[in-house]
Amino acid sequence: MKYEMPEYDTLMPLVVMEKSAFSSNRCVFRDDERGIWLYQANCLEFMDKLIENYPDGKFDMIFADPPYFLSNGGISCHAGKMVKVDKGKWDKSRGTELNHEFNLSWLSRCQQLLNPHGTIWVSGTHHVIHSIGYAMQQLKMKILNDITWEKPNPPPNLSCRYFTHSTETIIWAAKNEKSKHAFNYKDMRKENGGKQMKTVWNIKPPTIKEKSFGKHPTQKPVGLLERIILASTDPGDLVFDPFAGSSTTGVAAVYHGRKFVGCELEKDFIAISKNRFKQLINEDLQTLNLMSAEK
Ligand SMILES: C[S@@+](CC[C@H](N)C(=O)[O-])C[C@H]1O[C@@H](n2cnc3c(N)ncnc32)[C@H](O)[C@@H]1O
């Protein structure tokens, strides 16, 4: 069965927004039946619009993988070769203060958009994660855990002046101190062979198969997002990703019966997301590399 975009009499997206200097601010993919709404928009403007409509919160869970601010002319190793770190314009640092201001402004909007017992997960390297943790404390969020995502077989450090970078941190936090957050403890213990799951997760980076819809420079492995979604949401919950990229969060959420709202600035990444959603809807799970589908 080939997926066809449904025809709507009135294409009435979740929020209607004006075009801005930053983006076209429009709904670019939707499937009301399964619960997929993807917007091409600047997430700050998008969330402001959502807050107007839902001042008391809307989302059960938010996963955010914000710019790392590391594309500033450093070097790295890709496929055995020395390459410049340049993930895109969106990843350039604007200096410590402005980067932190940006983190504070999108995080405060996310906090407002969380339901009272909702949680947020934010991933990042050392370039950004300390600012995120500090901003969460400034906003009086309740930090629940910091997960270390350990990557097996990371690329070597070519300068030989540092340890090999092989982890990312993911901070998990609740809206505020009063939140009674959801945690599917038993499911996680079962996944970990009957033992309590620890905060160090060894998960492979995305495979070539997972990138067959086009390359996103910082795509997350779908298995990582599956674990996050299964740990902290229930079927039917509404998940949001303000920096959706190639929509890894959306693929994992929708596969597990959750609903998804995504927001992404760049049209090339929107194109990858659309292809991944079509693949998911057509139930071609092989290329999506969903870990749970293999079990
Ligand atoms: C680290 S990547 C996210 C990758 C994603 N987790 C995935 O698996 O594909 C960050 C994304 O945020 C987007 N972005 C940066 N600034 C944005 C903004 N203000 N609003 C919306 N998206 C933005 C970038 O284009 C990039 O795709």
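Reader: Is Ser23 buried or exposed, and why does it count as such?

Author: In general, burial is judged by counting C-beta atoms around a residue, and 20 or more others within 10 Å make a residue buried. In this predicted model, Ser23 counts as buried because it has 20 C-beta neighbours inside 10 Å.

Reader: Where does Ser23 lie along the chain?

Author: Ser23 belongs to the segment before strand 1, and strand 1 spans 26-31.

Reader: Which residues does Ser23 touch, leaving aside those up to four places away in sequence?

Author: Contacts of this kind show which parts of the chain come together. Ser23 touches Gln40, Ala41, Asn42 and Leu265. Gln40 may serve as an example: 17 residues separate Ser23 and Gln40 in sequence, while their C-alpha atoms are 6.9 Å apart in space.

Reader: In which strand does Gln40 lie, and what is its bridge partner?

Author: Gln40 is in strand 2 and is the bridge partner of Arg26. Strand 1 and strand 2 (residues 36-40) run antiparallel and are joined by five bridges.

Reader: How many strands form the sheet, and in what order?

Author: A sheet is read by following its strands from neighbour to neighbour. Here nine strands form an open sheet with mixed pairing, in the order 1-2-11-10-3-6-8-7-9. Strand 1 and strand 9 (200-202) stand at the edges with a single partner strand each, so one side of each has no neighbour in the sheet. On average, neighbouring strands of this sheet are turned by 20° against each other, direction ignored.

Reader: At what angle do helix 2 and helix 3 pack?

Author: The packing of two helices is described by the angle and the distance between their axes. For helix 2 (residues 96-113) and helix 3 (residues 129-138), the angle is about 50° and the axes are 9 Å apart. That angle makes helix 2 oblique to helix 3. The crossing of the two helices is right-handed.

Reader: Which residues meet in this contact of helix 2 with helix 3?

Author: Helix 2 contributes Asn99, His100, Asn103, Leu104 and Leu107, which meet Ser131, Ile132, Ala135, Met136 and Gln138 of helix 3. By character, the residues of this contact divide into five nonpolar, five polar and no charged.

Reader: How many helices and strands does the protein chain have, and what percentage of its residues count as buried?

Author: The protein chain has nine helices and eleven strands. Of its 295 residues, 37% count as buried. Among contacts with a separation of 6 or more, 68% come from residues 24 or more positions apart.

Definitions and conventions:
Residues are numbered from 1 along each chain as its sequence is written. This is a predicted model: local features need pLDDT of at least 70, side-chain atom pairs count only at pLDDT 80 or more; totals for chains, interfaces and linings use all residues. Helices (H or I, at least four residues) and strands (E, at least two) are DSSP runs, numbered from the N terminus. A residue is buried if 20 or more other C-beta atoms lie within 10 Å of its own, exposed if 12 or fewer, and partly exposed in between; C-beta atoms are placed from the backbone. Two residues are in contact if their C-beta atoms, placed from the backbone, lie within 7 Å. Axes are lines fitted to C-alpha atoms, for helices over the stretch in contact, and angles run from 0 to 180 degrees between N-to-C directions. Angles under 35 degrees count as roughly parallel, over 145 as roughly antiparallel, 65 to 115 as roughly perpendicular and the rest as oblique. A crossing is left-handed if the near helix is turned anticlockwise from the far one by less than a right angle, and right-handed if clockwise. Ala, Val, Leu, Ile, Met, Phe, Trp, Tyr, Cys and Pro count as nonpolar, Asp, Glu, Lys and Arg as charged, and the others, Gly among them, as polar. Two strands pair if DSSP finds at least two bridges between them.
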